[in-house]
Amino acid sequence: MVIRKYAPSDCEYLAELFYHTVHTVNAKDYTKEQLDAWASGSVDLEEWNRTFSEHDTIVAVKDNRIVGFGDIDTTGYLDRLYVHKDYQNQGIATAICKELEKVVDVDKITVYASVTAKPFFMSRGYEIRKEQQVIRGGISLTNYVMEKDNK
């Protein structure tokens, strides 16, 4: 597996990976209505590219295809971390997360973890600060504000 920096030419594929991952991997913890609100299949690619370019964004490549990605901003907010549905439980999220945690010079890293991702982040030493309901398209989704010391 190769971990590399994001390139704007990756954006459309990352949006597709995001959609398919949410609708398969997260389906055990969220309803179809919630999944559709979270990942409608229509993202603003210009906005995604802008945030990916402003954040430290990396992609994982295996078998000549992008199998995961993640991004973190300068405040230590880990915004997105997704792994292709066919490449789950292969250490890809761990490798991406380790790399993202190294690139920021902050005391704490914060993530808003889905119900599905909560055990992964807990296993990495993140602690739940609070459970919250996020509204997307009028639909409520549960996630967890989690933090980890980054010293």
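Contact here means heavy atoms within 4.5 Å. Keep that cut-off in your viewer for this tour of a predicted model.

**Helix 4.** Select residues 92-103. Helix 4 lies across strand 1, strand 2, strand 3, strand 4, strand 5 and strand 7. Its direction runs at about 35° to strand 3.

**The sheet.** Now show the strands. They form an open sheet of 7, in the order 1-2-3-4-5-7-6, with mixed pairing. Go to the edges: strand 1 (2-5) and strand 6 (127-136) each have a single partner strand, so one side of each is left without a neighbour in the sheet. From one strand to the next, the twist averages 30°.

**Strands 2 and 3.** Select 56-62 and 65-72. This pair is antiparallel and spans 7 bridges. Pick I58: its bridge partner in strand 3 is G70.

**Helix 1.** Select residues 11-25. Helix 1 packs on the sheet and touches strand 2, strand 3 and strand 4. The angle between its direction and that of strand 3 is about 90°.

**The largest nonpolar core.** Show L78, F121 and Y126 as sticks. Of the 22 residues in this core, these three touch the most other members. Strands 2, 3, 4, 5 and 7 and helix 4 each supply at least two residues. Helix 4 gives the largest share, 5 residues.

**Around Y126.** Which residues does Y126 contact, leaving aside neighbours within four places in sequence? Select L78, C97, E101, I109, V111, F121, M146, E147 and K148.

**The second core.** Finish with C11, L14, W38 and V61. They are among the 19 residues of a second, separate core.

Definitions and conventions: Residues numbered from 1 in each chain as written. Predicted model: local features only at pLDDT ≥ 70, side-chain atom pairs only at ≥ 80, totals over all residues. Heavy atoms only, no water. Core = buried A, V, L, I, M, F, W, Y, C linked by side-chain atoms within 4.5 Å. Buried < 20%, exposed > 50% of the residue type's maximum accessible area, 1.4 Å probe, protein only. Helix = DSSP H or I, 4+ residues; strand = E, 2+ residues; numbered from the N terminus. Pairing = 2+ DSSP bridges. Axes fitted to C-alpha atoms, helices over the stretch in contact; angles between N-to-C directions.
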